[in-house]
Amino acid sequence: MEMPITKPSMVSYADELDFSKLMKDLAKDHKNGFIRVTSRSEEGYILYKDGKQVAASYDRFSKIEALEKINSALGNKNTLIEVFDAGPSQVDYLLDLNKPYTIDEDSNVYDVIGELKKTATETPEKPPEKELKPEVTESSKVESTDNLSEADNLSEDSVSVEKVTEPPVADEKIDLSLKEDSSSNEPIKEPEKDENVGSSQASVDVDESIERAPVEKAVESSVADRLEKSLNEPLKEPEKGVGVESSPASVEMGGDDLPSAEKVAEPPVVDKKVEPSLNKTELEVESSETPKADEIEEKPVDRSELLKKYGIKDVQDGDVENLLQSYKGGIIDDDDVERVELVLMNLIKKSVLGIPKIKGTEVMVFLDNYKELTGTINIIIEYESQGFLNRIMGQNRTAVNLRRQIINIAEIAIKKSFRQYPEVVEKFEINVEFS
Amino acid sequence: MTRVITVASGKGGVGKTTITANLGVALATYGEEVIVLDADVAMANLELILGMEGKSVTLHDVLSGDADIEDAIYEGPGGVKVVPAGISLEGLRKIKMDRLESALEILIESTDILLIDAPAGLEKDALAAIAAAQEMILVTTPEVPSISDALKTKIVANRLGVDILGVVINREQHDKTFLTISEIETILEVPVIAVIPEDNEVSRAAAFGEPLVVKNPKSPTSNAIMQLGADLIGEEYQPIEPDKKGVISKLVEGLLGRR
């Protein structure tokens, strides 16, 4: 977003700031201005008017996606948060200037913002991962944001509002949050459920979830709660339809899961009804998303595959040899110097004698093989004598042309002799004399 | 024994000169005797980054046979010694890269580490700079053309018997359109020894003619380069954290009597 960067009214790092409190304070005081969030090389903005968020951007993302990215960035303790104050008219102007980033007030984005605000502080700090591998950090965050068995299937976009409002995906999320709770208490039940479902993918995911560290589980549960909260309202409608579709198998699974889920998270009644139907939907979602997930998760380790993927041509030994040959300047063995001189001499002599009116020629080739191949070629020409008039009128011109022709012949002979390194011709000095 | 390390990339514009200049300063701050030599005689930029342009005797003069290498060594920021290439194009044709070898022999006698900023590409001048070193640092950005050229450079360096210390990934960004660190390692078959994030501070520092590690030692790039320098010589480096508290919060805390 285009923002006038002046002096910030507040500057802090993410780990030192209660972001939810900041947002609450801004809302309470009906403040106008914007927040800049800087994480490594990425920058994000939240424009707020009268205490409400009206536009957001982060890196190349906008609106809700930007807020999600900002939320992720807040997990990094080095993320810089700057608050800039602005007047109401200034905010209007900025809003007009940054229309593509304007958050639609009619959507339930505001709820999500609220939840995102909470997560910024509620989410326990992950151990700072190496800055050297930022992508790992990002992906791990995606994993924690997504729910357990979905983690492999859903991309970052899975938390987006569009998907949240779609009944099947939303249902799935709620179900997963329940699974997660139950898995933390009764891990043995989960595989049973997966057997019923018959999806190997699901069972693998659950196993992973069981093995996860408590911290990660805490992160996930808070995220799950957050999603649950934000999804409560939009889910009320789809809930009915989904309940009707529930299959016997899925009801069975629901029966297994519900008691533990109730104990832990005490999910609202709505969620209980939604959950059984999810397994069916989940299967569909999983089966349709699995190839995608494979693309994301299964990074080709094989080098040749990677080269193919990026269209990078592997360098062949022959290429390197040619390259190094040119680097060496076409240096030849000292023993070969005399032989090359002789070959070159004969080649030039033969070619020069082919020119009409040349009675005889003497060619001398001297090669210098010290560090870099250089050479000198002296060509002495015996030219057919011309008449007196011709001598006056055009001998000079003829001689110039002839000299040029002989130099060309010599250059061709050099190039022929050093096919691998024709540039060597520039290292030769060619002298032509007429006798 | 003097270490001769060439910083090469293959592709131009990946930040090789910036890294060489800052790495040289970084190594000098650890107490090493360092000479940074700009072997990129056609596109010399090192002196601009270090704010040392306009020197009377440069590598140009040395390679042209008009001056001795000793006369082309200058004291740079942070105690690093610099041999600028000379920006002038005059006399470029007179240059003989063969003279580099004898110049390097003299430089090696008077330093702990000789850092060579190699020209881009694999032309004769670049190959001369690579061949002159025992060790090499490969610089690349996480983009395909850059990786492709780095691969060629790496293979040629291998063939020349140069030990490749690792890859420095410059201008790393959080973007899935670029290659990941592990992908780069797999393709180049060389370990990644440093990842330097995209940082606007780099161009700002260049505009000031000051190495970033001096101008802004708290920046992520400075920290990454200092760490790289430390790793090269087996030193410990404690990254310098940016000021955590803003001016206002410090002021408020001061007024409230807190520390």
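**Figure 1. Chain B holds eleven helices and eight strands.** The model is predicted. Of the 259 residues in chain B, 54% count as buried. Take the contacts in this chain between residues at least 6 apart in sequence: 74% of them join residues at least 24 apart.

**Figure 2. Helices α1 and α10 of chain B pack against each other.** Helix α1(B) covers residues 16-29, and helix α10(B) covers residues 220-233. Their axes lie 9 Å apart and make an angle of about 60°. That angle makes α1(B) oblique to α10(B). The crossing is right-handed. From α1(B), the contact draws on B:Ile19, B:Asn22, B:Leu23, B:Ala26 and B:Leu27. From α10(B) come B:Ile225, B:Met226, B:Leu228, B:Gly229, B:Leu232 and B:Ile233. Nine of the residues in this contact of α1(B) with α10(B) are nonpolar, two are polar and none is charged.

**Figure 3. Helices α6 and α7 of chain B form a right-handed crossing.** Helix α6(B) runs over residues 144-159 and helix α7(B) over residues 181-188. The two axes come within 10 Å and cross at roughly 35°. On the α6(B) side, the residues in contact are B:Ile147, B:Ala150, B:Leu151 and B:Lys154. On the α7(B) side, they are B:Ile184, B:Ile187 and B:Leu188. By class, the contact of α6(B) with α7(B) has six nonpolar residues, one charged and no polar.

**Figure 4. B:Ile164 is a buried residue of strand β7 in chain B.** The strand spans residues 163-172. B:Ile164 counts as buried because 21 C-beta neighbours fall inside 10 Å. Leaving out residues up to four places away in sequence, B:Ile164 touches B:Met136, B:Leu138, B:Lys154, B:Ala157, B:Asn158 and B:Val190. Among these partners, B:Lys154 also takes part in the contact of α6(B) with α7(B). B:Pro191 sits 27 residues from B:Ile164 along the chain, and their C-alpha atoms are separated by 9.2 Å.

**Figure 5. B:Glu189 has a positive phi although it is not a glycine.** The phi value is about 55°. B:Glu189 lies in the loop between α7 and β8 of chain B, where β8 covers 192-197. B:Glu189 has 13 other C-beta atoms within 10 Å, so this residue is partly exposed.

**Figure 6. Chain A contains 16 helices and nine strands.** Of the 435 residues in chain A, 35% count as buried. For contacts in chain A between residues at least 6 apart in sequence, 75% join residues at least 24 apart.

**Figure 7. Helix α2 of chain A is mostly covered.** The helix comprises residues 63-74, twelve in number. From first C-alpha to last, α2(A) reaches 17 Å, close to the 16 Å expected at 1.5 Å a residue. Twelve of its twelve residues are buried. Charged side chains appear in that list, including A:Lys63, A:Glu65, A:Glu68 and A:Lys69. Nonpolar members include A:Ile64, A:Ala66, A:Leu67, A:Ile70, A:Ala73 and A:Leu74. A:Asn71 and A:Ser72 are also buried.

**Figure 8. A:Lys63 combines a positive phi with a place in helix α2 of chain A.** Its phi is near 50°, and the residue is other than glycine. A:Lys63 counts as buried because it has 20 C-beta neighbours inside 10 Å, and the cut-off for burial is 20 or more.

Notes:
Residues are numbered from 1 along each chain as its sequence is written. Chains are lettered from A and ligands numbered from 1 in the order in which they are written. This is a predicted model: local features need pLDDT of at least 70, side-chain atom pairs count only at pLDDT 80 or more; totals for chains, interfaces and linings use all residues. Axes are lines fitted to C-alpha atoms, for helices over the stretch in contact, and angles run from 0 to 180 degrees between N-to-C directions. Helices (H or I, at least four residues) and strands (E, at least two) are DSSP runs, numbered from the N terminus. Angles under 35 degrees count as roughly parallel, over 145 as roughly antiparallel, 65 to 115 as roughly perpendicular and the rest as oblique. A crossing is left-handed if the near helix is turned anticlockwise from the far one by less than a right angle, and right-handed if clockwise. Two residues are in contact if their C-beta atoms, placed from the backbone, lie within 7 Å. The expected span of a helix is 1.5 Å times one less than its number of residues.
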